[in-house]
Amino acid sequence: MRILALSMMISALIALIIWFSMTPDVNAESMVLGETKLVENKPKAALEVSENKVAELKPNEPIEKMQVETAAQNIAIGYRESLKFAPYSQPLTVNDEDRLNPNKFIPVSTPLFGEEASISLSLNKFRFIKPEPVEVWVEGEGIQKAQIQVGLVGEKKSIHSIEMQVIGGRAQTKLGAKQLPLGDISIKAIADVSGEEVILVAHAKYMQPSARLRGVASTRIEQSDIVISLQMDVEEAGIYRVRANLYDGELPLAHLVGKRKLGEGGEIITLKAHQSVIPKSATALGLKTFVIERMSSVPGEGTRYGTSDITEAALLDVDISKLDRTPYAPSEKELASLAFLEQLAGAKN
């Protein structure tokens, strides 16, 4: 049990740095204590309680304590490095697959009977906004026929059953909005592979859009930032977070995040690109890979997603020579989060 608890603690600490970069408005203390909501400045009494909880998490054995502190030290080092950049404008490289392709579906595969070959079930993405079609395909040697059954996750009864078209080693079909229920959907593929039945199951999300991104309303320079105003058409009011990737031509530069409470109807939300991620030689700035999220406001409420009328947007009227090239200065909140991590890591002041 002790080894399991230690492993869980180290895993949680390693996950911290990912959360810091993806969710800049949540501080270190809230993550360690398992809180995912926005954290305001706490009164002294609340902070004392939090510190006591963290103290209870610390292992008693010296070796275990050293392992936890080592993990925390590594995370603190990484977080300190991330503070060289604004949390709303983090560097992006060709290796950041989770941000370059945030809606990627991971194929479901299984080995074939007594063979080294395998068969796989794939969708064109994981999250769909109605009325988008869902493309489904099954690949592998020896597929003679295949069908898919569509239903909701957790329910045994299927809603639709569709025969797939088989060409070579690939069976495929496309599901329209009328064939898809809203919610967490289950897509079961039943394939005849050289006379043997193979069953694969994939899960995805099919949702009504909560908002629609219409396009870029304006861009301007404000000190060290390029401020990009996005025009939104909101169907369901709430706190929205919009993500997009900044490119110079085909070179990824930064992952941008903006958040704001939006009402129904026409609204504006802004993204900011800090000068620290924009090289002076940039000549073709543009945005790609928009993700529109309506964030959960109460426990148990899931995140809803919006859609976009645009897949990319060139930032044409931006003179980056006017950017103030002053380095990014971390906020008091970010410095407090770093101090908390270093304290957890056993760092000496």
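This passage describes the pairing of strands in a predicted model, beginning with one open sheet and continuing with the strands around β9.

The open sheet consists of 4 strands in the order β16-β13-β12-β19, and its pairing is mixed. At its edges stand β16, covering residues 265-274, and β19, covering residues 307-308; each has a single partner strand, so one side of each is left without a neighbour in the sheet. Strands of a sheet pair through backbone hydrogen bonds, in either a parallel or an antiparallel sense. Strand β12 (residues 211-222) pairs with strand β13 (residues 225-234) in the antiparallel sense, and 10 bridges connect the two. Within this pair, V216 has L230 of β13 as its bridge partner.

Strand β9 spans residues 170-175 and pairs with both β5 and β8. With strand β5 (residues 134-139), β9 forms an antiparallel pair over 6 bridges; here W137 is bridged to Q172 of β9. Strand β8 (residues 165-167) also runs antiparallel to β9, and 3 bridges join them. In this pairing, the bridge partner of V166 is A171 in β9. Strands β8 and β9 form a hairpin with 2 residues between the strands, where G168 adopts a positive phi near 65°.

The side chains of β9 alternate along the strand. A171, T173 and L175 point to one face and are buried, whereas R170, Q172 and K174 point to the other face and are not buried. The two bridged residues of β9 named above therefore fall on opposite faces: A171, the partner of V166, belongs to the buried set, and Q172, the partner of W137, belongs to the set that is not buried.

Methods:
Residues are numbered from 1 along each chain as its sequence is written. This is a predicted model: local features need pLDDT of at least 70, side-chain atom pairs count only at pLDDT 80 or more; totals for chains, interfaces and linings use all residues. Side-chain values use heavy atoms; hydrogens and water are left out. Two strands pair if DSSP finds at least two bridges between them. Buried means under 20% relative accessible area, exposed over 50%, partly exposed in between (1.4 Å probe, protein chains only).
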